[in-house]
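This report describes selected backbone and side-chain features of one protein chain. The sequence and the structure are shown first, and the commentary follows.

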Amino acid sequence: MRTRKLARVSATALLAAMGVVTLGWLDWPAPTAGRIPAPAGAAMAQTPTAVVENLSFDLGVAVYRIRRMEVIGSPMSADDWRATLTGGQGATAERLAALKADSINIPELEYEVTAGGMRQTIVYRDVILLDIAGGRIAQATASGGTLSGAADGESMSGEFGPLVFTGIDVAGMARLFATGQTSDGKPVVAYESARFADYTLKMKKADIAIRGMAGGPVKMKPTGEPLSAMFAMFAAMPAKPQPSEAFAIFGSASKLLRAMSVGSSSVDEMTMRIKEGADPVTFTISGVQARDFEDAVVGSTVIQSVTAGNDAGFAMRLGPIEVRGYDMRPTLETLASIAADPSSLDSFNPMRMMPRIDHFSLRNFDLTSAAKDAPANAAPLKVTIDNISADRDLKADSLRWRLAHDHIRVSGEAGDKRLSGMQELGYSSLDLSFRTIFDWSWATGEASLSTDGSGAGMGVYSAKVDVSNLTEAIFTADRKIAAVAALPIAVKKAEARVEDNGLIAAAVNLRARNKKIEKSAARREMAAEARKPFDANKKIPFMDKIADAVEAFLRDPKSPLLVTLTASPGVSIFDAATSKQPEQVWSKVKVETSRK
């Protein structure tokens, strides 16, 4: 079911991306509502040299309809225009290249697309095309338009304001549509730039409004397969496709996305109101800038702010958000390979399918949420995060992955049940930070995982594990192969350090209070319980030493505890799991504990 729905969504998104309203996006302001550029206005005032009525273009997945088209400054007659646009001799691209006019006025242009249970009709008003020659249109404008349709049985409607396209290569795109090739094998500039404003869409479950979008240039590389054939497949896709049909859609979707490039893009502001539930939530995304989308890789994306809220006391704000090197190729390549050989789905590696991101950062997260039935003057639950970041450094033979959470702060009203755990420990607020680093050289099989963290008034911890013989096979979807690949993995070194800054005392106080005993007794109980897991594994010779160190630390946590385990050449999972004499395996491990 999920595969079928994903295929339908993929096809729908691609059809929208390839339609006339698709924008690639530049960083300029959207046009003022109602304004039409001066050249277009002048063109509207001239006397037509040819008038063509009732034109229709059926592209399989989409149909364009023009009731009236007024041509100005053209040597061609109305019959010439009709014959060239609807038939005549020669390839479509060559016919379009022969068209010439100073301008074309189209009072109303209708675009209708149907695919896989989705139907959408877009009507553009006051369309003006300028400087048509050599298969190109210098500029296309519209004063606005409407859209309507349905998807998955639910209706939608909307409207949009002025839009402008420049540098449209009609002949080049027609050649791609008919043959999947370009005239010289190089990318075709579908259009140089585009911008539109005041887009609104109303649906049953949500309303969407976009204040302005702009961008370009948008280019298309040869796909090898006619776009018309791909679109025909999308149009013929049933509402509930079979897996083979769904994977065929994935294959074409992958090919289209990898053929497309967009220089840059921007969204001024997008607002979405989710109408489901008792307390509808409104999201607003502002200041989106994306650059260098090519071969399914987005060079960089920045979102200045995201806000959300409702009337029930929920409010969220975050931003800016930055993403660099977002690479969709692993996902697309996997989908394409499954499309070519659906049986490969049984053994594909999900790690290979995951998109890659070189850098992600989110700053200034701020969330407040009022408790239900709380007094009007009660402090809401408040969560703030200074920064969340993730970085990937991928080289030919190694990978470093880093994740950090800086200063996660939590606070709220005393008695708020959502904070009962920390308040019972005596904390009215929290301030936590964490960091994780993973290093892996697949050339040598050496890897390490380290983590550290801190909590204000609580403590500090760090831990690290070094292993060998880690291979990519461990991540395969085939559990048997993954299990076999895990056997040679050997732990060479492991260490952990804990420093108490108040958490142990808080836990002792809570235990004493709940059990109505002295704090000294509570501390002894807690220390005794902490060593039980170690005592349960006494066949491992060094467990007693670790248990003694942990118990002593809990009894007197004034100085940090450091535990280090080393083994040369390492203890493998295979040895630990299969040895009939485990004491010989664990005798390789040297354990050191210290209080520093």
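Helices and strands are taken here as DSSP runs, numbered from the N terminus; a helix has at least four residues and a strand at least two. With that convention, P217 belongs to strand β11, which covers residues 206–220. The model is a predicted one.

**Overall composition**

The chain contains 16 helices and 25 strands. Of its 596 residues, 42% are buried. Contacts between residues at least 6 apart in sequence include a 63% share that joins residues at least 24 apart. The accessible surface of the chain amounts to about 30,100 Å², and carbon and sulfur atoms account for 56% of that surface.

**Backbone geometry**

Two cis peptide bonds and two positive phi angles are listed below, each with its location.

| Residue or bond | Feature | Value | Location |
|---|---|---|---|
| G216 to P217 | cis peptide bond | omega about -10° | P217 in strand β11 (206–220) |
| G319 to P320 | cis peptide bond | omega near 10° | P320 in the loop between β15 (314–318) and β16 (321–327) |
| D295 | positive phi | about 50° | loop between β13 (281–294) and β14 (297–309) |
| K516 | positive phi | about 55° | loop between α12 (503–515) and α13 (519–535) |

Neither D295 nor K516 is a glycine. Is K516 buried or exposed? The relative accessibility of K516 is 74%, and the cut-off for exposed is over 50%, so K516 counts as exposed.

**Aromatic pairs**

A pair of aromatic rings is described by two quantities, the distance of the centres and the angle of the planes. Rings of Phe, Tyr and Trp are paired when their centres lie within 6.5 Å, and planes over 60 degrees apart count as edge-to-face. By this rule there are seven aromatic pairs. One of them joins F196 and Y199, with 6.0 Å from centre to centre and 70° between the planes, an edge-to-face arrangement. F196 and Y199 are both buried.

Why is the pair of F542 and W586 edge-to-face? The ring centres of F542 and W586 are 5.9 Å apart and the planes stand at 80°, so the pair falls in that class. This pair links distant parts of the chain, as the two residues are 44 residues apart: F542 is in the loop between α13 and α14 (543–555), while W586 is in helix α16 (residues 582–586). F542 has a relative accessible area of 10%, and buried means under 20%, so F542 is buried. Elsewhere, F438, W440 and W442 make up one aromatic cluster.

**A nonpolar surface patch**

On the surface, F434, Y461 and V498 form a nonpolar patch whose accessible area is about 220 Å² together. F434 is placed in strand β20, which spans residues 429–441. At a relative accessible area of 31%, F434 lies between the limits of 20% and 50% and is therefore partly exposed.

**Surroundings of N310**

N310 sits in the loop between β14 and β15. Its side chain reaches the backbone nitrogen of A312 at 3.0 Å. Leaving aside residues up to four places away in sequence, N310 touches D279, P280 and V281.

Definitions and conventions. Residues are numbered from 1 along each chain as its sequence is written. Side-chain values use heavy atoms; hydrogens and water are left out. Buried means under 20% relative accessible area, exposed over 50%, partly exposed in between (1.4 Å probe, protein chains only). Rings of Phe, Tyr and Trp (its six-membered ring) pair if their centres lie within 6.5 Å; planes under 30 degrees apart count as stacked, over 60 as edge-to-face and the rest as tilted. Patches are made of residues with over 30% relative accessible area and no salt bridge: like charges are joined within 9 Å, nonpolar side chains (Val, Leu, Ile, Met, Phe, Trp, Tyr) within 5 Å. Accessible areas come from the Shrake-Rupley method with a 1.4 Å probe; for residues, only the protein chains shown count as cover. A salt bridge is a side-chain nitrogen of Lys or Arg within 4 Å of a carboxyl oxygen of Asp or Glu. A polar contact is a pair of N or O atoms within 3.5 Å; within protein, one must be able to donate a hydrogen and the other to accept it, and residues adjacent in sequence count only if both atoms are side-chain atoms. Contact means heavy atoms within 4.5 Å.
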